[in-house]
Amino acid sequence: MKDAVVVIDVQRGLFETEPPPFEADVVVARINAVTGHARSKGIPVIFVQHERERSVLAHAGEGWELHSGLEVSDGDIRVRKTTPDSFLRTDLEEVLKGGEIERLHVCGYASEFCVDTTVRSAAAHGYAVNIISDSHTTHDKEHLSGGSIREHHNRTLPDITSFGVTITTMTSGEFLRS
């Protein structure tokens with residue numbers, strides 16, 4: 001099975017905030033370990049960047065740029081998106097089909113929005129999905145902490161079986177040992 005790592009919305013305007021997302025620096029470090037391991041195994045790395053006109057995420061603006069702590073390689077692929085779904089009105093599907101990718105390892109921001117939506121959409125498109133369970137995050141909300149939101153999605157998304165593909169979780173450490 002051919003794999004790809006998909007890093008969603010780890011951008012300056014979303015991470016370099018006050019307060020930052022839950023475990024922001026630790027998550028970025030884990031993502032760097034995951035993407036470094038992937039590159040060493042010849043697994044493509046895809047960075048998805050959200051954009052919204054007249055906002056901190058305006059295309060090519062400072063907030064739209066990838067987090068300053070992310071390690072990015074010249075061979076990495078970039079995908080621009082305008083909705084929580086990394087497939088909708090993007091070239092992600094074309095990139096994956098061109099690489100004959102069958103399974104995605106997903107990490108990034110925000111657990112309850114873009115990560116959740118992209119995981120579901122990937123499964124609907126027929127891709128097996130592995131969520132890197134300690135390498136996605138979100139901001140605390142009034143009703144729930146970022147850590148609790150992440151844990152909720154790690155526990156509920158793998159229960160979805162109706163797409164006919166598997167959705168699993170593993171920690172960044174488990175990914176590094178794979």
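This short talk walks through helix α4, its residue V115, and the sheet beside them.

Before I start, please keep in mind that this is a predicted model, in which local features need pLDDT of at least 70, side-chain atom pairs count only at pLDDT 80 or more, and totals for chains, interfaces and linings use all residues. Residues are numbered from 1 along each chain as its sequence is written, and side-chain values use heavy atoms, with hydrogens and water left out.

Let me begin with α4, residues 111-124, where helices (H or I, at least four residues) and strands (E, at least two) are DSSP runs numbered from the N terminus. Of its 14 residues, 10 are buried, so the helix is largely enclosed by the rest of the structure; buried here means under 20% relative accessible area, exposed over 50%, and partly exposed in between, with a 1.4 Å probe and protein chains only. Those buried residues pack against several elements, including β1 (3-8), β4 (103-109) and α5 (146-156). Just after α4, G126 takes a positive phi of about 95 degrees.

Now to V115, which lies in helix α4 and is buried, with a relative accessible area of 1%. Leaving aside neighbours within four places in sequence, V115 is in contact (heavy atoms within 4.5 Å) with I8, V106, G108, Y109, A110 and H136.

One of those partners, I8, stands opposite V48 in β2, and that brings me to the open sheet of six strands, which has the order β3-β2-β1-β4-β5-β6 with parallel pairing, where two strands pair if DSSP finds at least two bridges between them. β3 and β6 stand at the edges with a single partner strand each, so one side of each is left without a neighbour in the sheet.

Terms used:
The expected span of a helix is 1.5 Å times one less than its number of residues.
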